[in-house]
Amino acid sequence: MKNNLTNSNATTLLAICLLLPAVAPVQAESQITGQTQEQTGQNYQIPAGSLTSVLNRFALEAGVSVLFDPAITKNRTSAGLQGEYRIGEGFSLLLRGTGLSFRIENNGQQVTVYDPAASLIEAPVGTLMLDTMQVVAQSGSRSQIYERADGTSIIGRTEMDRTGPRHASEILQSTAGVYTATNEQNPSVSVNIRGLKDFGRVNMNIDGMRQNFQRSGHGQRNGEMFFDTEFLSEVEVQKGAYAGAGGAGASGGVATFKTLEADDIIAADKTSGGRLRLASGVGKWANGQNPSGSLVLAFRPTDRTDVLIGYSRKDSDQYEPGTQGDAVYWGQNDYYINTGIVNGTGQEMESWIAKANWHITDDLILKASAISTTTRYGESSAIDTDQASTYKEYQKYCDTDSDYYGQYPDFCASYSYDSEGIYPITSTNDTDTQSYALDLYYNPDSHWINAQAKLYQVSTHNISQDSDDSYSVTTHTDTLGGLLSNRSEWSSGHTHLMLDYGIEVFQDRNRPDADSEVLSDNDVDLLAGSTPEGKRQLTGLWLSSNWQYRRLTLTPAIRWETYRLWGNTGFYDSDARADSETYGEQLWQYADIDVDRSDNRWLPSLGLAYDLIQDPSNQLQLFASGGLSWRPPQITETLTASTQPSHVTAVNTYPNWMLEPEETRSWELGFNWQLTSQKNPQNTLSVKLLHYYNRTENYIIYGTGTATPGFVGTPFYAYSSMYVNALNDLIYEGEELQLDFTFYNFYGGLNLTRTERGYTRFNDHEDWGLLYNAWALGGPDGEDPSSYCPDYVNEDCIAAGTLYFPPEPEWTGKITLGARLLDNTLDIGMTLTGATQTGQYGSLWGTLDGTEDVAGEKIGLRPYTVLDAYGSYQLSEALQLGFNLKNITDREYIQAMGDGMVLTYAPGRTLTANLQWGF
């Protein structure tokens with residue numbers, strides 16, 4: 001804009017402008033010392049990039065409007081912002097070395113960035129040439145992903161509220177490149193990134209605190225986290241090899257669940273504030289949604305301290321599934337399970353959160369955090385296949401149109417189908433998770449120091465009581481971790497270099513227990529051993545760099561990681577040998593084993609980005625990255641010695657202390673494209689499209705039909721199983737598309753993922769899936785497994801397939817279309833979520849994979865699309881009303897990657913109303 005001034009005023013203004021270079025820092029500081037300065041800062045994780053994009057993102061996250069002339073930021077870069085800052089501090093750091101200045105205006109609501117030298121030279125007499133343009137960023141956290149030269153996905157608070165999650169995993173479903181192994185009966189979340197999940201392949205953390213709880217069972221969830229979505233502010237998913245804090249031992253990526261800060265609750269001109277949220281099911285479509293809610297309070301006792309506390313409670317009854325369409329291709333079983341209710345989906349959850357920040361000095365901040373979640377829920381080990389089979393017989397013999405009608409009249413007259421008992425509850429679970437952390441941030445006025453230290457402790461305790469009260473199993477995991485990192489930067493002309501380096505250490509300890517008045521002591525020990533006692537420690541050092549020169553950015557990095565795992569295990573072994581007189585006779589004795597394994601790796605990675613187009617209204621960035629990551633064996637995989645007493649034939653799981661760490665080589669190639677209308681900056685289009693590939697060597701799977709050293713005979717499923725390294729490599733590749741647009745009052749988004757799973761060839765076998773050595777610990781003579789290869793095993797002593805390894809759908813996607821009306825007080829829209837289904841491994845289909853025809857019929861789960869609607873109305877500045885109408889068409893379906901044994905149908909049509917009051 002241009003302001004015309006009188007000549008006299010212009011002379012005075014020119015004199016003031018001459019002093020700007022000298023007084024700008026002082027003026028900025030004086031503005032900060034006012035109302036804005038009194039606010040405590042918030043945490044920012046803004047990567048380095050073009051100055052235009054970095055300023056835009058910072059202003060969006062800080063909640064202020066930024067004004068500047070695009071010409072002054074063109075071809076300039078910024079080191080980004082990592083840590084906790086106030087608004088003035090953030091702009092000072094972002095503009096360091098650029099020659100630009102800023103001023104805070106309108107009571108801290110607007111920031112103007114300008115070039116003091118240009119203002120002096122180019123301003124004609126009588127006119128102040130600001131020529132500023134407001135950069136309007138896309139609303140919500142998704143706008144950040146198009147500034148990242150990788151496949152990062154971000155789910156903000158706005159997106160979560162539009163989802164209206166009943167189950168916590170819903171906030172991630174259909175996120176590009178992300179899946180969740182969901183059992184609707186279990187409130188825990190297991191994150192799958194590009195096909196990799198469980199056993200620490202994905203670092204699932206809350207505010208940097210790793211949630212490493214693992215519990216063995218039929219859930220494809222050997223890695224679970226419990227949290228309340230009410231306290232979340234954002235979820236960030238980094239995919240593939242990650243050279244930074246949190247990347248140690250995570251081959252799939254890092255999923256960070258960020259929680260609320262005091263600045264999210266307290267208004268800019270206040271010293272205290274609160275947020276009350278209530279939600280409840282409505283009328284006949286309530287579908288088990290009981291009244292639930294949360295209350296969060298925040299205070300600023302002084303200008304250097306803030307405190308946040310919150311409490312949440314959720315309560316739900318069992319729900320009804322959808323009634324339209326079919327969820328499953330029942331294939332060779334040729335029956336359809338009709339259920340009126342999904343047992344075990346009634347759940348209770350109580351959570352609390354407490355945080356405190358102390359700005360000890362202008363450069364030093366101490367932060368304390370505590371989060372607790374307690375849940376109670378029931379689980380089924382599998383659907384009631386006996387009842388389903390009997391119902392199949394009823395359909396066959398009792399249907400008047402059947403050729404067999406009349407053969408069993410007594411059966412038809414007496415049979416009663418329990419449509420509300422198809423998911424029999426086999427256990428009740430009580431789970432408590434507590435996370436505590438201390439963070440220290442030190443950021444003096446120096447290019448070389450921007451340091452953070454973190455110490456945290458996470459404890460998850462689960463008690464599972466079987467429905468017959470015959471036994472209970474306690475699974476307890478403690479994680480103690482620490483982190484020390486620093487960031488240094490250097491700029492000269494068009495060159496900017498940033499170094500990020502540090503060390504992280506964490507240790508997991510399992511403390512299982514079991515109790516029974518029915519089972520023998522040995523059976524109780526085996527029951528507790530399903531998630532065995534032991535310790536695992538992992539240490540990682542990293543050095544990553546970000547080197548920018550004009551349009552080119554290079555990000556080479558190197559990590560060194562080492563692990564140690566120790567504990568005691570054992571199994572019953574045979575001393576029979578193939579060349580002995582007792583050949584074929586098993587002479588059993590218990591083998592006690594002390595395990596102490598360690599290993600280390602150097603893990604390099606490299607990223608490249610090039611800004612092909614840098615026009616403010618048309619930005620196109622090309623990027624590529626690749627790296628090596630690893631995943632050392634977990635306690636459960638190494639030390640497990642157990643059996644499942646609920647099986648008719650006992651399934652024994654033996655330890656494998658010979659496991660090798662997995663190594664994953666991954667790369668991605670893609671682009672970011674952002675278009676902004678010059679006439680109306682509110683009209684934008686942003687696109688991220690990429691291809692990814694990851695290949696894992698020594699992939700660890702749960703293999704059945706394995707043999708222990710000294711075993712003579714035929715290994716088969718019911719006899720022995722153990723975790724083994726695959727002989728061939730597991731490959732995932734595919735494409736991810738993330739798109740967002742705004743057009744006047746309308747907006748929309750698209751997430752789309754294509755996933756393909758494959759395997760490398762192994763001795764001319766490429767269609768068998770993952771292959772493993774049936775004699776993983778050695779043959780009867782304790783030698784190489786190939787020393788003993790009976791005829792019933794192929795010439796290489798290998799076995800194929802594994803239990804509970806559900807395939808990912810080939811396609812998943814989500815479309816969002818919405819509008820902001822009535823001066824942006826009304827936000828209303830719809831989402832369409834869908835997935836192709838590729839089948840499950842489970843008791844109903846054995847190891848049948850995908851929708852391959854069996855006897856001319858399809859198997860597995862059907863594809864689905866689900867239509868949802870949402871809306872919110874800002875009744876006043878403080879009060880907001882809203883609703884979520886889910887599964888509008890009442891579709892019967894099972895979530896992608898749903899549990900393969902329980903096959904829990906997703907909820908049918910559900911309507912909830914919600915209220916949010918800020919005060």
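Guide: Two strands pair if DSSP finds at least two bridges between them, where helices (H or I, at least four residues) and strands (E, at least two) are DSSP runs, numbered from the N terminus. This is a predicted model, in which local features need pLDDT of at least 70 and side-chain atom pairs count only at pLDDT 80 or more, while totals for chains, interfaces and linings use all residues. Residues are numbered from 1 along each chain as its sequence is written, and side-chain values use heavy atoms, with hydrogens and water left out.

Visitor: In what order do the 5 strands of the open sheet lie?

Guide: The pairing in this open sheet is mixed. At its edges are β11 (153–156) and β15 (209–210), each of which pairs on one side only. Reading across the sheet, the order is β11-β16-β17-β14-β15.

Visitor: Which residue is the bridge partner of Asn205 in β15?

Guide: Strand β14, which covers residues 202–206, pairs with β15 in the antiparallel sense over 2 bridges. In β15, the partner that Asn205 meets in a bridge is Arg210.

Visitor: Which element of the chain has the lowest mean pLDDT?

Guide: Here pLDDT is the predictor's confidence in each residue, from 0 to 100, and its mean over the chain is 81, with 80% of the residues reaching 70 or more. Among the elements, strand β15 has the highest mean, 97. The lowest mean, 32, belongs to the strand of residues 127–128, which is β9.

Visitor: How many contacts beyond four places in sequence does the model have for residues 840–856?

Guide: Throughout residues 840–856 the pLDDT stays under 50. Where pLDDT is low, the predicted coordinates should not be read in detail. With that caution, and with contact meaning heavy atoms within 4.5 Å, the number for this stretch is 62.

Visitor: Why is the disulfide of Cys398 and Cys412 left-handed or right-handed?

Guide: A search of the whole structure finds 1 disulfide (a pair of cysteine sulfur atoms within 2.5 Å), and it joins Cys398 to Cys412 with an S to S distance of 1.9 Å. Cys398 lies in helix α7 (residues 385–398) and Cys412 in helix α8 (residues 409–414), so the pair ties together parts that are 14 residues apart in sequence. Because the torsion about the S-S bond is about -90°, the disulfide is left-handed.

Visitor: Which side chain does Lys454 meet in a salt bridge?

Guide: A search of the whole structure finds 40 salt bridges, each a side-chain nitrogen of Lys or Arg within 4 Å of a carboxyl oxygen of Asp or Glu. Lys454, in strand β25, has a partner 15 residues apart in strand β24 (residues 427–442). At 2.9 Å, N to O, that partner is Asp439.
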